[in-house]
Amino acid sequence: MFATRAVFSKVVKNTTGLVGLDPVPEARRVLVQLYEKTLNDVKIMPEGVPYRKAVEDITNYRLNVVRKFEDIRDIEAEVGAGQVEELIEQAKDELRLIPDYAEWKEWEAPPLEPMVDQFHDVMDVDE
């Protein structure tokens, strides 16, 4: 059984079965790099920001799974969010979103007073 498992963990996919998504031969290594970068990049936001916490929680979970399992099928089954190639795309998407979210500063409180004429079209009582 162990010899078979070792052979299967070295199997390389020929296709993902998904149009436009090629197999990644060293997906585990790529995922570890992406997840470590995500955890570093998300620190641009203040601690306590819900988005930062969510990203850290999800990324730490996935990084632990990738480090725990050698076989990509085990990683895919445990994470439950698609094939490793899809996980790679998700991680890349998150990395692209982090700087935008930091720029938007969504964690800051909105202004308390409405802007001048903000509701003029719905509050026009002169008509």
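This passage describes the overall fold of a predicted model and then turns to helix α5 and its aromatic residues.

The chain is built from six helices and has zero strands, so its elements read α-α-α-α-α-α along the sequence. Of its 127 residues, 28% count as buried. The accessible surface comes to about 9,300 Å², and carbon and sulfur atoms account for 55% of that area. Among contacts between residues at least 6 apart in sequence, 64% join residues at least 24 apart.

Helix α5 covers residues 84–104 and offers a good place to look more closely. With 21 residues at 1.5 Å a residue, α5 should span 30 Å, and its end C-alpha atoms are indeed 30 Å apart, which agrees with expectation. Along the way α5 bends by about 25° at L97, with a proline, P99, following within four residues. Just after the helix comes K105, whose phi is positive, near 50°.

Which residues of α5 are buried? They are V84, E85, L87, I88, A91, L95, I98, Y101 and A102. The buried residues of the helix pack against three other helices, namely α2 (27–41), α3 (50–68) and α4 (72–79).

One of these buried residues, Y101, leads to the aromatic side of the story. The structure holds three aromatic pairs. In one of them, the rings of Y101 and W104 have their centres 6.5 Å apart and their planes at 65°; an angle over 60° makes a pair edge-to-face, so this pair is edge-to-face. Both residues lie in α5, three residues apart, or about one turn of the helix. In general, an α-helix has 3.6 residues a turn, so residues three or four places apart point the same way.

Are Y101 and W104 buried or exposed? Y101 has a relative accessibility of 17%, and because the cut-off for buried is under 20%, it counts as buried. W104, with a relative accessible area of 47%, is partly exposed. Y101 also pairs with W107: here the ring centres are 6.2 Å apart and the planes stand at 35°, so the pair is tilted. At 28% relative accessibility, W107 counts as partly exposed. Taken together, Y51, Y101, W104 and W107 form one aromatic cluster.

Definitions and conventions. Residues are numbered from 1 along each chain as its sequence is written. This is a predicted model: local features need pLDDT of at least 70, side-chain atom pairs count only at pLDDT 80 or more; totals for chains, interfaces and linings use all residues. Side-chain values use heavy atoms; hydrogens and water are left out. Helices (H or I, at least four residues) and strands (E, at least two) are DSSP runs, numbered from the N terminus. Buried means under 20% relative accessible area, exposed over 50%, partly exposed in between (1.4 Å probe, protein chains only). Contact means heavy atoms within 4.5 Å. Accessible areas come from the Shrake-Rupley method with a 1.4 Å probe; for residues, only the protein chains shown count as cover. Rings of Phe, Tyr and Trp (its six-membered ring) pair if their centres lie within 6.5 Å; planes under 30 degrees apart count as stacked, over 60 as edge-to-face and the rest as tilted. The expected span of a helix is 1.5 Å times one less than its number of residues. The bend at a residue is the angle between axes fitted to the seven residues ending there and the seven starting there.
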